[in-house]
Amino acid sequence: MAQTIRSKSPQASSSAAAVLASRGDDAAFATTLAKGLVVLEAFKAGTTLLGNMELSILTGIPRPTVARLTHTLAELGYLRYDADRAKYRVGARTLRMAHPLLADMQFRQVARPMMQELAQSVRGTVSIGLLDATSMIYVETARSGDVGPHVPDIGMPIPVVMTAMGRAAAATLPQTDAALLEQRLASEDAELWSAFREKYRAGLVQCASRGFCVCWGEYMASIHAVAAPLFHASETRQSFSINCGIPAFRLQPGQLEGEIGPRIAALADSIRAIVGTARPAAETKQSKKRARR
């Protein structure tokens, strides 16, 4: 089933490690290249300096193979060797890989002043995320001063199933892709899916009926958030959403749903007008139903 998901939906691409583990019988699959990407993906926030043995443990790749891969990646500039510590860190060249993708999202720069205005107004963060498999990747963010323990940054991943941003992006998907995403969420972490399935699906309903969904500290207890679907780009099959996260202690009763939710939905409308895209289909249907009442 997982292989079917990959072949039908580019958004459902797994981590390099997961794909490598499932493609042993694919003669066209470049295993060495995949292993190099697995090594690169082992570097995350909090694990920015790693030696060959640590990388071998994290990736399951034998240490001699890891040593060849890290040496090659360092020669190419994707890793940088710290001789004093005998460890590697990510090299500056990796940033070049992100730029073509970000440059294609020109609406980010136009949206940012509006995002900054809302962030300052509510003393929180406002961010745009891109759906990537079972994660959301921040592609733009704006914040006021002190926003608490969660400080979004471009390139940072967060889980789809337990976040307002993830649920709002899922709400933009065509029906077939939405079903495939649920299958992947259930198969990749059955325990997490069981814990958050009902809230995830309730978030989709909220997006369709209200234009936004709410997350009450489910991802990070001290941060409450609202998010609105942005759009699903049919050509690239990319799905975007926008969220607003606020430290819980700053919120007044009813403020998140009564004030900030409608404001994030209105901001999503403004961004769609700039991009020239329509509201997600499910949301449009619900809007028409409300208009007839």
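**View 1. Ser135 of strand E4 meets its bridge partner, Pro159, in strand E5.** Welcome to a predicted model, and to a close look at one end of its sheet. Strand E4 covers residues 135-143, and three bridges tie it to E5 in the antiparallel sense. As general background, strands of a sheet pair through backbone hydrogen bonds, in either a parallel or an antiparallel way.

**View 2. Six strands make up an open sheet with antiparallel pairing.** Reading across, the strands come in the order E5-E4-E3-E8-E7-E6. The edges belong to strand E5 (157-159) and strand E6 (213-216), each of which pairs on one side only. From one strand to the next, the twist averages 35°. Keep in mind that, in a regular strand, side chains alternate between the two faces of the sheet.

**View 3. Helix H10 packs on the sheet.** This helix takes in residues 190-210, and the strands that H10 touches are E6 and strand E7 (223-233). If you like to compare axes, the direction of H10 makes about 140° with that of E6.

**View 4. The largest cavity holds about 190 Å³ of space.** The structure has two cavities of 30 Å³ or more, and here we visit the largest. Its lining is made of 20 residues, and the closest to the centre are His150, Tyr219, Ile223, Ala225 and Asn243. Helix H8 (164-170), E7 and strand E8 (238-247) are the elements that give two or more residues to this lining. E8 gives the most, with four residues. Sorted by class, the lining of the largest cavity counts 13 nonpolar residues, six polar ones and one charged residue.

**View 5. Strands E1 and E2 form a hairpin with four residues between them.** Strand E1 (residues 79-82) and strand E2 (residues 87-90) run antiparallel and are joined by four bridges. One residue to pick out is Leu79, whose bridge partner in E2 is Val90. Another is Ala86, which takes a positive phi near 55° in this hairpin.

**View 6. Asp269 has its place in helix H11.** The helix runs over residues 255-275. Is Asp269 buried or exposed? The answer lies in between: Asp269 has a relative accessible area of 26%, so this residue counts as partly exposed, given that buried means under 20% and exposed over 50%. For a sense of distance, try Val160: this residue and Asp269 are 109 residues apart along the chain, and 22 Å separates their C-alpha atoms.

Methods: Residues are numbered from 1 along each chain as its sequence is written. This is a predicted model: local features need pLDDT of at least 70, side-chain atom pairs count only at pLDDT 80 or more; totals for chains, interfaces and linings use all residues. Side-chain values use heavy atoms; hydrogens and water are left out. Two strands pair if DSSP finds at least two bridges between them. Axes are lines fitted to C-alpha atoms, for helices over the stretch in contact, and angles run from 0 to 180 degrees between N-to-C directions. Contact means heavy atoms within 4.5 Å. On a 1 Å grid over the protein atoms alone, a cavity is a set of points where a 1.4 Å probe fits but cannot get out, and a pocket is an open set with protein on both sides within 12 Å along at least five of seven lines; lining residues have an atom within 4 Å of a point. Grid points are joined across faces, edges and corners, and a volume is the space filled by probe spheres set on the points. Ala, Val, Leu, Ile, Met, Phe, Trp, Tyr, Cys and Pro count as nonpolar, Asp, Glu, Lys and Arg as charged, and the others, Gly among them, as polar. Buried means under 20% relative accessible area, exposed over 50%, partly exposed in between (1.4 Å probe, protein chains only).
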